[in-house]
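Grab a pencil and work through a few exercises on the fold shown below. Try each task yourself before you read its solution.

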Amino acid sequence: MKVKLHGTRGSYPLSSDFGKTYGGNTPCVEVIGGSRRLILDAGTGILGIDFDLGHPSNRIDIFLTHLHMDHIQGLAFFKPLFNPSNEIHLWGPQDSTSSLQNRLNQYLSPPLFPIPLRDIPSKLHIHELANTTMDLGDFVLTSEFISHPGPTLGYRIQHGSKTVCYLPDHEPIIGRSRLYPEDEWISGFDLAHEVDLLIHDAQYNKKEYKSKPGWGHSSIDLAARFCDRTKARRLVLFHHDPAHSDKQIKKMFEKLIRKTDYDFPIELAVQGQEIEI
Ligand SMILES: [Zn+2]
Ligand SMILES: [Zn+2]
């Protein structure tokens, strides 16, 4: 299974040199296994994917974790959406108050966008997800609601014997520095348990997180502690704060490595990075 990081930045995109090393595009990750590929989130990173290159069919599956702008803002400018021969399957979290179509339509309609969702030329299929596991042919995908403001899903994807877990916006425990002793009380635990690769929110440093409990994001320390607890085998720190320069992100990371002694590899997500697992 191959995992490509097309967008690693949280909250809003950056175009300046300030975030050049780790990337300025908002979340989008591509998972390739066998003849299929899945797209996770549609931040501005999705605009960097060339779908004409080696794509065996006209079907594209996009799994949205939630509808915060940084995870859907690339959608309106995603070229395959405007090609009538494409079949686009858009998956996202169920919400008891409104359908996924209505919620997406709030962005993909005037005055925010000139074309309403119903006039998008491709064959668009919208699917709502809750806590579920499904067989997608080359992949088995599990979705589960996780702790983040508004309905938000985390994903676990299996291809053969390999697994990846994607939790880009996630606060496994709110307002405490230590995780609960009971695994079942920790948000996202089952999704991440013993995966080969965990892509996890690491927006804040320890001090910043103290003033932002309940904002739905993790400190770099909390992300590492969560990885350790779930026995995930490799950690990629994701959703970099756009207020942090490359230098600050590197400093946060070096401090974590210096002060801890985890027995799994930890790295910072870099836009354009390809990970083979
Ligand atoms: Zn986000
Ligand atoms: Zn969010």
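Here are four exercises, each with a worked solution.

This is a predicted model: local features need pLDDT of at least 70, side-chain atom pairs count only at pLDDT 80 or more, and totals for chains, interfaces and linings use all residues. Residues are numbered from 1 along each chain as its sequence is written, while chains are lettered from A and ligands numbered from 1 in the order in which they are written.

**Exercise 1. Take stock of the chain.**

Step 1: Start with secondary structure. The chain has six helices and 14 strands (DSSP runs numbered from the N terminus: helices are H or I with at least four residues, strands are E with at least two).

Step 2: Now check compactness. The radius of gyration, taken over C-alpha atoms, is 18 Å, close to the 19 Å from the globule rule (2.2 Å times the number of residues to the power 0.38) for 277 residues, so the chain is as compact as a globular protein of that length.

Step 3: Look at burial. Of the 277 residues, 44% count as buried, meaning that 20 or more other C-beta atoms, placed from the backbone, lie within 10 Å of the residue's own.

**Exercise 2. Trace the open sheet.**

Step 1: Put the strands in order. Seven of them form the sheet, running 6-5-4-3-2-1-14 with mixed pairing; two strands pair if DSSP finds at least two bridges between them.

Step 2: Find the edges. Strand 6 (123–129) and strand 14 (274–276) each pair on one side only.

Step 3: Zoom in on one pair. Strand 5 (residues 87–93) and strand 6 run parallel and are joined by seven bridges. In strand 6, H125 is the bridge partner of H89.

**Exercise 3. Which residues of helix 5 are buried, and what do they pack against?**

Step 1: List them. In helix 5 (residues 220–230), the buried ones are I220, L222, A223, A224, F226, C227 and T230.

Step 2: Name their surroundings. They pack against elements including helix 3 (189–192), strand 11 (197–201) and helix 6 (246–259), where a contact means C-beta atoms, placed from the backbone, within 7 Å.

Step 3: Step past the end. K231 follows helix 5 and has a positive phi, near 60 degrees.

**Exercise 4. Explore the largest nonpolar core.**

Step 1: Size it up. This core has 61 residues; a nonpolar core is a set of buried Ala, Val, Leu, Ile, Met, Phe, Trp, Tyr and Cys residues joined through C-beta atoms within 7 Å. Its largest share, six residues, comes from helix 5.

Step 2: Pick a well-connected member. L237 is among those with the most contacts inside the core. Leaving aside neighbours within four places in sequence, L237 touches residues including I220, A223 and F253.

Methods: Buried ≥ 20, exposed ≤ 12 C-beta atoms within 10 Å, placed from the backbone. Contact = placed C-beta atoms within 7 Å.
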